[in-house]
Amino acid sequence: MFRWGVLSTAKIGREQLLPAMVDAENGVLSAIASRDLSKAKALAERFGARHAFGSYEDLLASSEVDGVYIPLPTSQHVEWAAKAIEAGKHVLVEKPLALDAKDILPLIKLRDAKKVLVCEAFMVIYHPQWIKVRDLIASGAIGRLRHVQGAFSYYNVDPNNMRNKLDLGGGALPDIGVYPTVSTRFSTGKEPLRVQATIERDKTFGTDIYSSIRADFGDFELSFYLSTQMAARQVMVFHGEKGFIEVFSPFNAGLYDHHRVELHNQNHTEAQVFRFPGTQQYRLEVETFARAAQGGKERVFTLEESVLNQKVIDAIFRAGGKEGWEAV
């Protein structure tokens, strides 16, 4: 059994990843660390972890941990991923891994030197609905893909929330802009060449709160909008010459809508509906990661892919401050 350690008692861990680790068939939640030992002990008791630590360093030094999950604030991801790799631990780090693509490159060198697995936690690529989308496009179900359209928004104006703190890596693009980009890249196997963007920032927080983006993939375009101050919505549509594919809850399946993908024909007279009830994408993520860390030939999200995805986000930020296209 793969023995997990978790750095911090963050909400995403409490609500999604820790339950997934407990339910996983090939892993156990071994340890939790917090700078407040009482919080670590309380969460360890709640989820049945055998060990609680009052510092992240103590967990990384533990022989009872094979790999760590890092859901710290974004600005601390690279630092603690590096420390975990140096300690010889496998690392699953919450997205976005970095705030600049070049910051990921030292982690690749460390990973190779220490011979451990390091992945950014994009749970969506493990969900069978996205594997279905990829397979439908590859099989020619919608003919030539011409346009991808997406949206991801929620409303959050809490000044204490890390998503609204610029120094912690907050903002819409780092938090949710990564999803339309990664799901399009995953589904098509293509990379964008250039981007255009309009970006609006909150006058108080300084974070980006709205973006409208256009990305040129050469054979097709991706257009999407994001916001952290709009009514909650998620959708992705892949539109081809012979039909289109709509993903109704693309990123938080089961929360925004059912696990549902629809394939429509050219005349919009027929539709095939693909459902994936009961799918737990976070459990699939941790199980796949654990198998890969133990030598399995699993498809995981590599650091090389993280660099490519972050390059898109970096280009979008640059494009938001200028007219016209920005090369990725």
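**View 1. Two domains make up the protein chain of this predicted model.** The domain assignment gives domain 1 (2-121) and domain 2 (124-280 + 309-327). These bounds come from an automatic or database domain assignment. The centres of domain 1 and domain 2, taken over C-alpha atoms, lie 27 Å apart. Residues are numbered from 1 along each chain as its sequence is written, and side-chain values use heavy atoms, with hydrogens and water left out. Local features need pLDDT of at least 70, side-chain atom pairs count only at pLDDT 80 or more, and totals for chains, interfaces and linings use all residues.

**View 2. Domain 1 meets domain 2.** Here 11 residues of domain 1 contact 12 residues of domain 2 (contact: heavy atoms within 4.5 Å). The area buried between the two domains is about 970 Å². Carbon and sulfur atoms give 56% of that area. Buried area is the accessible area (1.4 Å probe) that two parts lose on being put together, summed over both.

**View 3. A salt bridge and polar contacts cross the interface of domain 1 and domain 2.** The rule finds 1 salt bridge across this interface (a side-chain nitrogen of Lys or Arg within 4 Å of a carboxyl oxygen of Asp or Glu). Lys 95 pairs with Asp 175 in a salt bridge, with 3.1 Å between the closest N and O atoms. The interface also holds 5 residue pairs in polar contact, both residues at pLDDT 80 or more. A polar contact is a pair of N or O atoms within 3.5 Å; within protein, one must be able to donate a hydrogen and the other to accept it, and residues adjacent in sequence count only if both atoms are side-chain atoms. On the side of domain 1 that touches domain 2, the residues divide into 6 nonpolar, 2 polar and 3 charged. Ala, Val, Leu, Ile, Met, Phe, Trp, Tyr, Cys and Pro count as nonpolar, Asp, Glu, Lys and Arg as charged, and the others, Gly among them, as polar.

**View 4. Lys 95 and Pro 96 share a cis peptide bond.** Omega is about -10 degrees. Pro 96 sits in the loop between strand 5 (90-93) and helix 5 (105-114). Helices (H or I, at least four residues) and strands (E, at least two) are DSSP runs, numbered from the N terminus.

**View 5. Ser 8 has a positive phi.** The value is near 100 degrees, in a residue other than glycine. Ser 8 lies in the loop between strand 1 (2-7) and helix 1 (11-23).

**View 6. Arg 144 forms a salt bridge with Glu 241.** Their closest N and O atoms are 3.8 Å apart. The pair links distant parts of the chain, 97 residues apart.
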